[in-house]
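Biologist: Please show me the model. I would like to ask what its labels rest on.

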Amino acid sequence: MEALNAFSVSLQAVWNDSGFSAFTMGNGIMILVGLLLLYMAFVKEFEPLLLGPIAFGCILANFPNTGFFGEEMNVMKAINYGITYEIFPPLIFLGIGAMTDFSPLLARPSTLLLGAAAQIGVFVALGGAMLVGFNVHEAAAIGIIGGADGPTSIYLSTKLAPHLLGAIAVAAYSYMSLVPLIQPPIMKLMTTQAEREIVMKELRQVTKFERVVFPIVSTIFISLLLPPIAALLGCLMLGNLFRESGVTDRLSDTAQNALINIVTIFLGTGTGMTMSAESFLRTDTLLIIGLGLVAFMGGTAGGLIFGKIMCKFTGGAINPLIGSAGVSAVPMAARVSQLVGMKSKPGNYLLMHAMGPNVAGVIGTAVAAGTMLAMLK
Amino acid sequence: MFMEHSPVTTNPLIIMLINMTVVFLVLVSLIYLIKLIHFVDPTKEKPKPEVEEDEPLVAVKSAPAASAPAPVVEEGINSEVIAAISAAIAAYGFAGQVKAVHILNHEGTPWRAAAKFNNFPRK
């Protein structure tokens, strides 16, 4: 009898400690959301490297009684620190810098203006977010989705609206993966056939001196001007310096492969872990996803409009299609410029020309984030 | 924390104007920085005079090999090899300047072969 009693108490304890006893409808819905994101990542291949860990983190975050965010230290809590203390986004930038070739930008520096113009989407969404009731900090964090730059979105929302991090990260990465679907209709709508057919002059050769000096000088200049983004931009340029110096191949290789892969796993999982039912299942989330789309479309349109202006001023030397690459999303947005250009005129290679505004967009989004941090702190 | 401070302004239009101005100013400054780097670059190629740029093209197109004296060719080298060598040299802008074709003795060490190669007269 005593054994039976002990057995019953033990079973009761196991049940009480299990996730089933505290499982809510919200948890169930969020696990379904996680499964949907997994489907999008692995079956539809929408940014699988990031959406995969985010989706799995979302599923993990909705198991009750795991103690992930309790008093005791554990691996999930440690990963979360990497996001809370803004460690992962700069490390991702280190890898991006090591993978990025700034030559197209250095060969035609005027394309930096396209990267600046595409930031208009950030501020259109910021205004829209404030109109629907978000406060200025939340609106700024939502607006940065328009920059199409995942690490910067996470960086800014961690600083200004950490409670919206999950929704902002999912919206940012979802739209980044949907660049090939979202941008082409806007590009076709805003440009004429003749503009799309413009063949751009070949870029000049960029020397190693320029490629090495640029990351150093730009880091000094931007970090002194906007210290809040010194970590982001410094890491981006340090990674690029590893790549261009020619004597740090091992560091460059680590930054653009092993390191960025490890950090991507942590950043994705940690971001997914912020998607608990109580923080995600709100009308705010739907609004953020809608505003993110507005931001993204606004950024694309801003880049295209400025591309058209540059086309006029240069007497038709600039194909306005490269303007849409001013939203960061490296190198996807540049590839979309190339594809739309090729469809209009087979044999018109815009890829290298579009890489200029594309990397300018990364710098532009970081500068926009730094300016908002400086203004709103 | 940043959120504990009150923002400078909460007017979205002013935020947009200030931010876009700063973004444009920073990126325009970067344009000038890039131009400055290019200007002070000690390794950049000096622009060549236009006449010199056109010369090789004209020379390759207009100077037929027949107008140059026939090269001295060692026995055992067929005409296809001579044509390939002449074409490769012409591609570098030295059409009609093949004076002699000899088979080099490859015996000996790689150092010796390298020394022979280095002794070729160069323009």
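Biologist: What makes the largest nonpolar core a core, and which residues have the most contacts inside it?

Modeller: The model is predicted; local features need pLDDT of at least 70, side-chain atom pairs pLDDT 80 or more, while totals for chains, interfaces and linings use all residues. Residues are numbered from 1 along each chain as its sequence is written, and chains are lettered from A and ligands numbered from 1 in the order in which they are written. A nonpolar core is a set of buried Ala, Val, Leu, Ile, Met, Phe, Trp, Tyr and Cys residues joined through C-beta atoms within 7 Å. The largest has 134 residues, and A:Ala140, A:Ile142, A:Ile145 and A:Ile168 have the most contacts inside it. Helix α21 (residues 351–376) of chain A gives the most to this core, 12 residues; helices are DSSP runs of H or I, at least four residues, and strands runs of E, at least two, numbered from the N terminus.

Biologist: Why is helix α11 of chain A called mostly covered?

Modeller: A residue is buried if 20 or more other C-beta atoms lie within 10 Å of its own, exposed if 12 or fewer, and partly exposed in between, with C-beta atoms placed from the backbone. In α11 (residues 150–160), 11 of 11 residues meet the buried criterion, so the helix is called mostly covered.

Biologist: How many residues does each chain bring to the contact?

Modeller: Chain A brings 38 and chain B 29, where contact requires C-beta atoms, placed from the backbone, within 7 Å. On the chain A side, α21(A) supplies the largest share, 10 residues.

Methods. Contact = placed C-beta atoms within 7 Å.
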